[in-house]
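Here is my note on the model you sent round. Please read it with the coordinates open.

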Amino acid sequence: MSEAFQDAYPDELAHCYGCGRENASGLQLKSFWDDEETVARYSPRPEHTAMPGYVYGGLIASLVDCHGTGSAAAAGYRAHGREQGSEPALRYVTASLQVDYVAPTPMGVELELRGRIEEVGERKVVVAQSVTADGTEVARGRVVAVLMPDAMVAK
């Protein structure tokens, strides 16, 4: 499998709680291309419990958020004919996050996120997603991601 989108982020842009490899306490989500879709998998931990046997919805939202911005970066590189991780970095942040919960998410099951790029613009990428648990769709999401403002880069 190729390098995860998030692993191509420069070190100074890899601290996100959801997907940053530089954040040892974070979720460390990894997203990849699967033909024309993007895919990520995550196994919720016991601390992600909403109530016994079920995953906290905020975790689902975080996963959709980070898979969306990672997918946006990969789509941006692809649209510009650039290699992932090439400089200057294409790092996206969330402008809009929508999550619809369609079924309770069981604990003890690996979650799969699948993204479909709906739109790629000069500064904006829109990613629609589906989250499944053991083959059952549990959530749908949509992320509008925009290129990260220069002011957000740590000095």
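The points below go through the sheet, the helix and a few residues in turn.

1. Status. This is a predicted model. Please keep that in mind for every value below.

2. The sheet. Six strands form an open sheet. The order is E1-E2-E6-E7-E8-E5, and the pairing is antiparallel. Which strands sit at the edges? They are E1 and E5, the latter covering residues 92-101. Each of these two pairs on one side only. Neighbouring strands are turned by 25° against each other on average, with direction ignored.

3. E1 and E2. Strand E1 covers residues 31-34, and strand E2 covers residues 37-42. They run antiparallel and are joined by 4 bridges. For one register check, take Ser31: its bridge partner in E2 is Ala40. The hairpin has 2 residues between the strands. Look at Asp35 there, which takes a positive phi near 60°.

4. E2 and E6. How many bridges join E2 to E6? There are 6, and the two strands run antiparallel. E6 spans residues 111-120. Two of the pairings involve residues that are easy to find. Glu37 has Arg116 as its bridge partner in E6. Arg41 has Glu112 as its partner in E6.

5. E6 and E7. This pairing is also antiparallel, and it runs over 9 bridges. A hairpin of 3 residues makes the connection from E6 to E7. Glu112 turns up again here, standing opposite Thr132 in E7. So follow Glu112 across the sheet: Arg41 is its bridge partner on the E2 side, and Thr132 faces it in E7.

6. Helix H1. The helix covers residues 57-79 and has 23 residues. At 1.5 Å a residue it should span 33 Å, and its end C-alpha atoms are 32 Å apart, so the length agrees. Is H1 enclosed or open to the outside? It is largely enclosed by the rest of the structure, because 17 of its 23 residues are buried. Just after the helix, Gly81 takes a positive phi of about 65°.

7. Helix on strands. H1 lies across E1, E2, E5, E6, E7 and E8. In this list E7 is residues 124-133, and E8 is residues 136-147. The helix runs at about 135° to E5.

8. Thr69. This residue is found in H1. Its relative accessibility is 5%, so Thr69 counts as buried. What does Thr69 touch, leaving out residues up to four places away in sequence? Its contacts are Tyr9, Arg91, Tyr92, Val93, Thr94, Val143 and Ala145.

9. Tyr9. Tyr9 belongs to the segment before E1. It is buried, at 5% relative accessibility. Residues up to four places away aside, Tyr9 touches Ala14, Cys19, Arg21, Thr69, Gly70, Ala73 and Arg91. Note that Arg91 is among the contacts of Thr69 and also among those of Tyr9. Tyr9 and Tyr92 are 83 residues apart in sequence, yet their C-alpha atoms are 10 Å apart in space.

10. The aromatic pair. The structure holds 1 aromatic pair. Phe5 and Trp33 form it, edge-to-face, at 5.7 Å centre to centre with 65° between the planes. The pair links distant parts of the chain. Phe5 lies in the segment before E1 and Trp33 in strand E1, 28 residues apart.

11. Around Trp33. Are the two partners buried or exposed? Phe5 counts as buried, at 2% relative accessibility. Trp33 is partly exposed, with a relative accessible area of 22%; the cut-off for buried is under 20%, so Trp33 falls outside that class. The ring of Trp33 has a further neighbour: the charged end of Arg78 sits over it, 3.6 Å from its centre.

12. Thr105. This residue is in the loop between E5 and E6. Is Thr105 buried or exposed? It is buried, with a relative accessible area of 5%. Setting aside neighbours within four places in sequence, Thr105 is in contact with Gly53, Tyr54, Val55, Ile60, Leu111 and Val138.

Notes: Residues numbered from 1 in each chain as written. Predicted model: local features only at pLDDT ≥ 70, side-chain atom pairs only at ≥ 80, totals over all residues. Heavy atoms only, no water. Pairing = 2+ DSSP bridges. Phe/Tyr/Trp six-rings, centres within 6.5 Å; stacked < 30°, edge-to-face > 60°. Buried < 20%, exposed > 50% of the residue type's maximum accessible area, 1.4 Å probe, protein only. Lys NZ or Arg CZ within 6 Å of the ring centre and 35° of its normal. Expected span 1.5 Å × (residues − 1). Axes fitted to C-alpha atoms, helices over the stretch in contact; angles between N-to-C directions. Contact = heavy atoms within 4.5 Å.
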